[in-house]
Structures are given as C-alpha cells and as structure tokens.
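Hi everyone, thanks for coming. I'd like to walk you through one structure today, so have a look at the screen first.

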Protein chains: 2
Amino acid sequence: MAAPALDVLGFGNAIVDCLAKVDDDFLAKQALNKGSMALIDEARAASLYEAMGQVTVISGGSAANTIIGAAGLGCKTGFVGKLKADSLGNQFAHDIRAAKVVFETPFAVDGPASALCLVLVTPDGQRTMNTFLGASGNLTEADVDPELVQSAAITYLEGYLWDPPAAKQAFLKAAQIAEEAGRKVALTLSDTFCVDRYRPEFMALIQDGVVQILFANESELHALYQTSDFNTAIAALRQEKVLGIVTRSEKGSVVVSQNDVLAVPAFPVEEVVDTTGAGDLFAAGFLSGLSKGLDHTACARLGALAAAEVIQHIGARPQTDLAYLARQNGFEF
Amino acid sequence: MAAPALDVLGFGNAIVDCLAKVDDDFLAKQALNKGSMALIDEARAASLYEAMGQVTVISGGSAANTIIGAAGLGCKTGFVGKLKADSLGNQFAHDIRAAKVVFETPFAVDGPASALCLVLVTPDGQRTMNTFLGASGNLTEADVDPELVQSAAITYLEGYLWDPPAAKQAFLKAAQIAEEAGRKVALTLSDTFCVDRYRPEFMALIQDGVVQILFANESELHALYQTSDFNTAIAALRQEKVLGIVTRSEKGSVVVSQNDVLAVPAFPVEEVVDTTGAGDLFAAGFLSGLSKGLDHTACARLGALAAAEVIQHIGARPQTDLAYLARQNGFEF
C-alpha cells in the first residue's frame, strides 16, 4: 500500500454557524440547555433566529472545523459533507476550499437547504447550539469515495453524524474501508446528548475495534460510562483498546492509553470570548501532532494551543496562522 | 411641529460585509488601493471572492452601522435602504430590526441581488473594501416616506449614496423634506475616491446649506479641499456654515465650527484588529451625544469610545453593549 496522500480525512455535518451574543435570560426564556447542542426543525430555526440579535455568519461543523485547523497546521486534509448550492452552502464550500482542503462531495440537487447552526454565546463565553441539519442529513454511502478514504492515514468521524440515518451508513462504510486499507479511524463523541442518544452504538464502535482514537470532553466521557466521577470514567476508558483523549476546558486534557495516563495543562488565555470550536480545534492540534510523529504530550500541547486560539474570538474557525503560532511556541513546522 | 419621534434617521446602501484576512501581497496582486472602497461588478465580486480566504459575514453599510451604533447608545433610530429578499438581504433586515431600528423599506421584487462588500483586512488592521451595489442601487424617491423624515431630529446621509443615480434623488428628496420640517441634515463624505467622484456636488450640498453637520476623515477632508495640508483644510472648513467633525484615527478628532476648533483625543485601545466601521461608529457616538444635548467635546469623546469598540474585533457592528460601555466611562445613560 502506498504512503497515504492525506494525513486526515474528516466526515461530518457541513454546517454554517450563525452566532449571536445573548444573555442567560434568553436561554432560560427559550428553554435551552446551556453548552449543549439541540437538533431543531426549520420552523424552530426561523423563530429562534427571529428572536436572536445581530448575527455573525461563519462556516462551522465540528469535523470541518477540525479539518480546517489541521490544514492550518500543515496537514494534507480532505472533508466529506453534504450541502445544497445555496448561499450558506456556497459559503461553506468556498471556505473549506480556500483552506486547501480537498472537498469534492457533490451538492444535493433537491431536498432541504444547507444546514445551519444558531449558536448563542453567553457573556461567560459558553456556546449553546441549535442545529437545523437540512442538506447535511442527506450524506449517503454514495458520497463515500473508497479511494479517498484509502488515501488518508486517519479518517476522522464526528458522533453527530449518527443523527441523520443515511449519514450513519456513510460513516460505517468509511470506517470499514479505512480498516481494510490498514488506516486508522478516529471518533469524537461530539456532545453529551449525542452520547445519550447513541451510547450502545458508540460503545460498540469502541469495543469492536472500529475506532482506534477517541476524542471526548469530560462531560461526554461521563455520559459514555454513565458516571459522575472522573476517575471512574478514566479507569473505564483505560480498559478499552483505544487511544483516548479527554479535554477538560481550563483544566487541560488527559491522554489515556492502556499503558499510560498523561495530564497536559491548558494553554493560558487572556479572555475567553466564545468557546465554539474549542474541542474541534483541540482535535485538530492533536491529530496534526500525530501525523508529524510527535509524542502524546506534545500532541496534547498542540491541541491546547489550537483550542486557545479559537476561544479568543467569535466563531469556530481559526483567525490566525496556526502554523506560525505553533512555531512561536516552540513547535517545529 | 411635534417633538421628533426619532433621534436619527439614516439613509444608506444596505450592504452585508464578507470579511477575510489577507496579506499586503494579496492587495498588490489584486491591484487594490489599501484603505479605500472600490465599486465592483458581479463578475469581479465572484472572482475576488474566489481568491479570498475564509469569510466572516456580518451586516454592514456605512450609514447602517452608524444607525445601529446610535441605537446601541439609546437613540430612537430608523434606516432606509434597499435590499432583495435573498439570504444576505434577510440577514441585513434581521440584524437591523434586532437592534430595534425602524426599518420599513420594501424589498426589491426584481433586479440584482442584495449588495455585498468584500472587505479585505490586512495585518495592520486596515480594511480595503470592494462593493457590489446590487439591489441597494435601486433605492428611489418612492422609498422616501415624508412622515418618517419629518419625524427625525437628524437625517443622516452617506456620500456613497451618490453612486447609484436613483439613490441620489432619494437622498436629495429626504434632505429637502428634512429642511422643510426644520430638521437637521448630516452628511458623511464616506471615502476619498467618493469625494473625487462628486466633489462639486458635495461642495454645493455644504455651501447651499442643504447639510448642517459634516463628517469626514482627514483624507476625505484633504480630498474635498484638494490640499495635502491639514491646517489649510481645517481653515477652509471653518469658513463653511456647517458643524464639521474630522476624524484622524489614532490622532483623535477635530470638531470645527465658525466659533471654535476643538481637538479631542482618540480612545486608547490594546490592539487594532479591524478598522472596518471606525468612522461609522464615531459618527454614531457623536450623533448620540448631540441628541442627548452633550457639548461637542463630550460628543467627540462618545464617538471615540464607540469607534474604539468596533476596531477591536472583526466587523463593523458593535459586539458589546455600547450604552453599558458609555456608563463605564462616565457618560450618563
């Protein structure tokens, strides 16, 4: 088998974020769960948008953010996700191609509009997300190009892909092709409610060896093992045959393997403006480190650095040159 | 005549900004004049967009930014500008109404798409703008509601409105209605190239008493009086029967009347991220001060404060509560 042409190939919901600043009262009034992601229909999206203030529209999508971040750190990357050729769809496609990511998924010719996520940012910098999946739910097995998957050292899948039924099949097909090609598969658990929705299936992916690298934040890990105790959850994760990376916001991250548990501090920031994309960019840094052959501690440090960049401004895509930032902080790029 | 229901009514091109960070080489390659605004057609907009990196899409438009800022400082405001009911048009309308600005201009039912401005932000924080006027050029006299204009203490007009021929007529009609109602008319010169295009007409507006309040930055003032000497330009401005407000970036502002020339310092900022909207928000603060009966020095300080907010983040619309910011800085609101 030839050396992989891509370092990381991401599969995810192709989403454009509409961000607005709101206060905590707004969340209460709209009965929203702070910090989580809720799936909403088009009518709810329209009424929530109506109630929101001034929006900033920036491409997003969890796996897409990660891929953009990895590209910014010098990785060769690709992305697979479904859009329609409408205004938001064109913006997403423009942005991901502008970052030199291979993106060739054909636009949906009919069906719902491109996906959007209404992201409500509270004064504490936390984001509460409301996603209308739209066209991104129409990703199917037909969109999985076997050669593209075979060409990638790591195929990175977001848990959110479990929500649209056809996308789940695309997810599983990609994982199978990667396995048969001797490539690695990484999964992010995405969100606690997503874990609640698909716990047995996610556990099977981990325990059946479909996934070799697992990203989760502390809450998602607690949800996976249905415990409120961090050490219990880490001990359970250690029993799995995966490399587990658990992010803990300002408490840093923990890298868990059967041999080792490494705690790596967060990167200090002056002010948290908007946490949207923090986990996604952490994964970008970590995966980039893996692709460069760095040790796990260095991978987690690079993840922390990329996450720190994205939480200091509005939106989940980096606004500075991540490779330059990494060099400034002692990484060789 | 009843007391005015609105403090400020703005007329302007209704534009959504697509901002991207670029380096100076990009401007050179695209033959763009740093810091200025160029009018472009749809084909050029498409090719420039293609070449730009990741975009952030935020409502803009010079007069609209000013009106949003004034609303944020507690003024009762309205806006008149033309959109189409497309994605960008809906975003603009949503955003301006979300700020509680009276906005009732009907959408254009045919013709070009809503206006957009491709804003290229260089590492020094300067912005270079490329505007496709689209639907905003279809503002006509029919869109000027006499009662609305009569209800506003100040009608605020942007020089850019001179570019679309029909909009100029709307501009003049609004100014005439305001004059007949005993209201004030303010004009911003918008851009040096805009001054070059319409110098005799702008001079006539000033010297014929159509305009009583004039906003300009230093370069625009130099262009108006065709001098490279600031003191010469200020002396010429002093001869006009207008209240002139000249902004000078980090050097602060100068308020010029026949009786007085007041220099007011800029508000210190930690880092200039993006100067888009600096002049617009200065005007917002100044006009808000006037509507609250503050003296000219206090008006210019309030302008400087609002401008300082908007240059510390991407986009030309405030991201913080300006009234709160003003209170924190000793203004009574």
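**Where the chains touch**

Okay, so the contact between the two chains draws on 20 residues from chain A and 20 residues from chain B. Keep in mind as we go that this is a predicted model.

Let's stay on chain B for a moment. On the side of chain B that touches chain A, β4 (56–59) and α4 (87–98) each bring in at least two residues. Which of chain B's elements gives the most to that side? That's α4(B), with 6 residues. And if you sort that side of chain B by class, you get 8 nonpolar, 9 polar and 3 charged residues.

Now for the strands. Strand β4 of chain A, residues 56–59, pairs with β4(B), and the pairing is antiparallel, over 3 bridges. If you want to find one pair on the screen, look for A:T56: its bridge partner in β4(B) is B:I58.

Next, a pair of helices inside chain A. When people describe two packed helices, they give the angle between the axes and the distance between the axes. Here we have helix α10(A), residues 278–291, and helix α11(A), residues 296–310: their axes come within 7 Å and cross at roughly 145°. The crossing of α10(A) and α11(A) is right-handed.

Who meets whom there? From α10(A), the residues include A:L281, A:F282 and A:F286, and on the α11(A) side, A:L302, A:L305 and A:V310 are among them. What classes of residue make up the contact of α10(A) with α11(A)? There are 16 nonpolar, 4 polar and 1 charged.

Terms used. Residues are numbered from 1 along each chain as its sequence is written. Chains are lettered from A and ligands numbered from 1 in the order in which they are written. This is a predicted model: local features need pLDDT of at least 70, side-chain atom pairs count only at pLDDT 80 or more; totals for chains, interfaces and linings use all residues. Two residues are in contact if their C-beta atoms, placed from the backbone, lie within 7 Å. Helices (H or I, at least four residues) and strands (E, at least two) are DSSP runs, numbered from the N terminus. Ala, Val, Leu, Ile, Met, Phe, Trp, Tyr, Cys and Pro count as nonpolar, Asp, Glu, Lys and Arg as charged, and the others, Gly among them, as polar. Two strands pair if DSSP finds at least two bridges between them. Axes are lines fitted to C-alpha atoms, for helices over the stretch in contact, and angles run from 0 to 180 degrees between N-to-C directions. A crossing is left-handed if the near helix is turned anticlockwise from the far one by less than a right angle, and right-handed if clockwise.
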